[in-house]
Amino acid sequence: MNTTKTLKPLGGGLLALAVALATQTAQAAPEAEQIIQNNCLACHTQEGDNQWSRISHQRKSPEGWLMTIARMQVMHGLQISDEDRRTLVKYLSDRQGLAPSETQGVRYALERRLNTSEAFDSQAFTEMCARCHSGARVMLQRRPASEWEHLVHFHLGQWPTTEFQALARDRDWLDLALNEMVPELAEMLPMDSKAWNEWQQQAEAPVDGDWTLAGHMPGKGAFHARMQVTPAQGDDQYRLTLTGEYADGSALKGEGQAVVYTGYEWRANIEIDGQVMRQVFALKDGQLSGRMFLRDKDEVGADVVAARDANGNSQILALQPAYIKAGTEAEISIVGTGLNGMPVLGAGVDVIEVISESPDLIRVRARAAEDASGVVTASVGAADGGRFAIYDRVANVKVVPEFAVARIGGNGSSTPRVEARFEAEAWAAGADGKAGTADDYRIGMMPATWSVAPFDAVAEADRDVHFTGRMNSSTGVFTPAAAGPNPERRMMTNNAGNLKVQAQVQDGGETHNAEGQMIVTVQRWNNPPIP
């Protein structure tokens with residue numbers, strides 16, 4: 001199979017880069033194919049030129065292919081070097097990956113958004129597939145019916161108790177899995193798809209150059225940065241340097257490496273302030289978007305959007321902060337690329353001073369009129385974008401996430417604690433002036449005072465607030481207690497518990513309260529790339 005992509009006619013620079021990357025992929029293919037020949041054919045059979053049983057009949061994300069190869073190592077004794085494994089993941093992801101549209105709606109699993117609550121239209125899928133692991137793990141695969149059938153037999157062969165677990169005792173699990181679930185999966189997640197065929201025809205997007213990043217990290221706040229991307233030796237590999245700062249003025253600086261899979265799946269490791277962070281981004285239309293998180297504490301992370309500097313690319317990525325109160329002044333940072341011109345923050349907001357300006361960052365002092373309200377789009381010259389809210393008063397506050405899980409750990413345990421991070425999201429009443437109606441609009445995340453309380457009578461009786469951990473009252477970061485039996489607790493149980501999360505937001509003379517729920521539970525022993 002030819003691993004190069006068919007290229008559309010493009011401008012000289014982009015076309016040259018696309019040809020170069022396609023050539024690199026073609027050159028790397030024989031090495032990967034030889035690795036498969038040398039290591040996989042003891043179990044898999046050759047089906048043609050560069051076609052192999054089972055292997056050639058699946059499509060997955062890079063993380064999915066990594067998990068497959070790791071399972072071969074753990075369960076079937078595959079002997080393979082880390083370098084060869086990386087080569088195979090790249091080759092299989094490029095050759096048998098997923099189109100961008102095929103990952104939409106389930107990227108939270110790749111981006112390690114741990115407190116996502118899943119919901120699927122199919123109750124059968126929920127009961128059959130999404131009760132032992134995330135449904136996203138399944139949704140990030142594509143197979144023909146025969147391969148979905150193989151997967152059913154694999155589950156029953158590898159975990160024989162599957163047939164007798166919850167929701168399986170009183171029904172014919174195997175019959176339902178083979179005769180109802182397999183056809184549903186084959187139709188919903190087919191091996192052959194128009195989206196994948198069309199994506200295979202797309203030219204590789206340019207990656208190297210300077211990028212502007214805007215992000216927000218719960219517990220720390222907004223940040224902006226410049227990222228320089230330069231080609232490194234290897235297939236679709238790049239070196240990174242990052243410089244920027246948080247809204248509080250603290251520096252953000254780091255270096256690392258990135259690789260692009262399937263033409264758009266950006267994965268990077270970058271060391272920032274002595275800590276290694278991972279970037280899981282999707283590349284689309286000259287933008288990167290996704291999440292950047294600590295490698296060893298993936299609950300600590302930031303939502304990020306980035307744009308590549310290029311001729312004619314002028315856009316606003318974010319406003320920090322993204323709101324202003326009517327009748328007040330505030331300093332606003334406009335983050336973007338190719339910014340050139342007078343900043344405009346929408347009707348009812350006057351820019352009274354430009355404090356500093358550059359093509360990627362403009363700081364202004366603005367004043368909102370007493371009667372201004374609503375959500376507007378900012379602009380700088382020809383560039384626009386960035387949601388900006390003007391509000392007269394906070395009408396409602398929500399705890400985000402509304403439900404979260406923290407995990408005890410440490411204390412000699414092989415797994416670290418998993419924190420929970422909360423933010424207070426403020427909302428304004430719309431034109432009707434009533435909170436909780438359809439025309440309410442989001443203001444943004446606001447500073448809050450945080451505390452925890454027993455969620456119910458059982459939690460109060462068990463003194464969960466005392467034993468489960470501590471909430472930082474100013475940042476909303478909950479650090480769970482140590483793992484292991486606690487002799488001070490009833491029946492020497494561990495430090496798990498059920499807590500009410502409380503946020504208090506001050507808006508002028510008004511105080512707004514909001515509540516969420518947090519389960520503090522035991523360690524997560526199995527933490528695969530896709531949960």
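User: Which residues does Thr-87 touch, not counting residues up to four places away in sequence?

Analyst: This is a predicted model. Thr-87 lies in helix H3, residues 82–95. Leaving out residues up to four places away in sequence, the residues that Thr-87 touches are Glu-31, Ala-32 and Ile-35.

User: Is Thr-87 buried or exposed?

Analyst: The relative accessibility of Thr-87 is 17%. Buried means under 20% relative accessible area, so Thr-87 counts as buried.

User: Where is Trp-159, and what is its relative accessible area?

Analyst: Trp-159 sits in the loop between helix H8 (145–158) and helix H9 (173–188). Partly exposed is the class between under 20% and over 50%. Trp-159 is partly exposed, with a relative accessible area of 38%.

User: Which residues form a nonpolar patch with Trp-159, and what is the accessible area together?

Analyst: The patch is on the surface, and Trp-159 shares it with Val-74 and Met-75. Together the three residues Val-74, Met-75 and Trp-159 have an accessible area of about 310 Å².

User: Which are the edge strands of the open sheet E22-E30-E29-E26?

Analyst: Four strands make up this open sheet, with mixed pairing, in the order E22-E30-E29-E26. An edge strand here pairs on one side only. The edge strands are E22 (403–407) and E26 (449–454). From one strand to the next, the twist averages 35 degrees.

User: What is the bridge partner of Pro-454 in E29?

Analyst: Strand E26 covers residues 449–454. E26 and strand E29 (residues 497–507) run antiparallel and are joined by six bridges. In E29, the bridge partner of Pro-454 is Leu-499.

Key:
Residues are numbered from 1 along each chain as its sequence is written. This is a predicted model: local features need pLDDT of at least 70, side-chain atom pairs count only at pLDDT 80 or more; totals for chains, interfaces and linings use all residues. Side-chain values use heavy atoms; hydrogens and water are left out. Patches are made of residues with over 30% relative accessible area and no salt bridge: like charges are joined within 9 Å, nonpolar side chains (Val, Leu, Ile, Met, Phe, Trp, Tyr) within 5 Å. Accessible areas come from the Shrake-Rupley method with a 1.4 Å probe; for residues, only the protein chains shown count as cover. A salt bridge is a side-chain nitrogen of Lys or Arg within 4 Å of a carboxyl oxygen of Asp or Glu. Helices (H or I, at least four residues) and strands (E, at least two) are DSSP runs, numbered from the N terminus. Buried means under 20% relative accessible area, exposed over 50%, partly exposed in between (1.4 Å probe, protein chains only). Two strands pair if DSSP finds at least two bridges between them. Axes are lines fitted to C-alpha atoms, for helices over the stretch in contact, and angles run from 0 to 180 degrees between N-to-C directions. Contact means heavy atoms within 4.5 Å.
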